[in-house]
Amino acid sequence: MSTQRRDLKTQKVLSVSRRELKYLISLTDRIYLIEALDKLLTADEYGGYNGYTVRSVYFDSITNEDYSDKREHADEKKRIRLRVYNPDDKKVKFELKRKSFGREIKESLVITRNDAMKLLNRNYRVLLKYDGPTANYAYNIMTTRLYRPVSMVEYDRRAYTHENFNTRITLDNNLRYCDFCYDLFSHNLNFKMAMPKEQTILEIKYDRFLFKQIQDALSKCDLNGKPPSKFGTSRSILKEYYY
């Protein structure tokens, strides 16, 4: 077995399980939270004040089952996507994200740029190069249910973490998407804005307990806004079909 093949076979899958809360907040609350969280948590080292760019291509079945589950607020939902942080990235995250009754499980597998391009061309056999249940599950479901790339989204993220209770808080803005374009590595894309620039999607993820200091900071914000779904927004062309 070649060294490259052996490395793929022994690569670990990053699996994260935690609760997730989402809100849509104003620019005023965003500025306040950045100042507060800078003192409470550890900011990601990447990017400046506005954070870093996240770009994802989502896959769905030929019957659009993942979009249907999202729209119908099913108790159990899943997302399959490829993710980069720069179009020139040599490594790509292949992610399987599942939600069950409010709890999120995300499994991430780092794959090569070349293998990501093959997945975008619906060659799912490349997943068999990566050992483990995540790759096998994804291969089986993507082949038997005829998955294909369906949408691409991009946004700017500022993120904070704490080592205790698996705590992670993100502030995402400038949400944008492309219609009928899944070129994950292109520098020339015509994105459509998905929400006003002054709005921010706040995501709070933790396991078992959320620090009281964070709860106190959040209590000073208006958390009544409901955020748009990144996946759902990028598939807005299906709305006419379902209504």
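The following exercises, each with a worked solution, concern the predicted model shown above.

Residues are numbered from 1 along each chain as its sequence is written, and side-chain values use heavy atoms, with hydrogens and water left out. In this predicted model, local features need pLDDT of at least 70 and side-chain atom pairs count only at pLDDT 80 or more, whereas totals for chains, interfaces and linings use all residues.

**Exercise 1. The chain as a whole**

Determine how many helices and strands the protein chain has, and assess its radius of gyration against the globule rule.

Step 1. Helices (H or I, at least four residues) and strands (E, at least two) are DSSP runs, numbered from the N terminus. The protein chain has 8 helices and 10 strands.

Step 2. The radius of gyration is taken over C-alpha atoms, and the globule rule is 2.2 Å times the number of residues to the power 0.38. For 243 residues the rule gives 18 Å, and the radius of gyration of the protein chain is 18 Å, so the chain is as compact as a globular protein of that length.

Step 3. The C-alpha trace spans about 55 × 45 × 35 Å along its principal axes.

Step 4. Contact means heavy atoms within 4.5 Å. Among contacts in the protein chain with a separation of 6 or more, 69% join residues 24 or more positions apart.

**Exercise 2. Cysteines and burial**

State how many disulfides the structure holds, and explain why cysteine 178 has no bond to cysteine 181.

Step 1. A disulfide is a covalent bond between the sulfur atoms of two cysteines. Here the criterion is a pair of cysteine sulfur atoms within 2.5 Å.

Step 2. The structure holds 0 disulfides. The closest cysteine sulfur to that of cysteine 178 belongs to cysteine 181 and is 4.9 Å away, which is too far for a bond.

Step 3. Buried means under 20% relative accessible area, exposed over 50%, and partly exposed in between (1.4 Å probe, protein chains only). Cysteine 178 is buried at 3% relative accessibility, and cysteine 221 is buried at 10%. Of the 243 residues of the protein chain, 48% count as buried.

**Exercise 3. A loop with positive phi values**

Locate phenylalanine 165 and asparagine 166, and describe their phi angles and accessibility.

Step 1. Phenylalanine 165 lies in the loop between strand E7 (148–162) and strand E8 (167–178). Asparagine 166 is placed in the loop between E7 and E8.

Step 2. Most residues other than glycine have a negative phi. Phenylalanine 165, however, has a positive phi of about 60°, and asparagine 166 has a positive phi of about 55°.

Step 3. Phenylalanine 165 is partly exposed at 28% relative accessibility, and asparagine 166 is partly exposed at 29%.

Step 4. Beyond its neighbours within four places in sequence, phenylalanine 165 is in contact with Tyr206, Asp207, Arg208, Phe209 and Phe211. Phenylalanine 165 and leucine 210 are 45 residues apart in sequence, and their C-alpha atoms are 7.4 Å apart in space.
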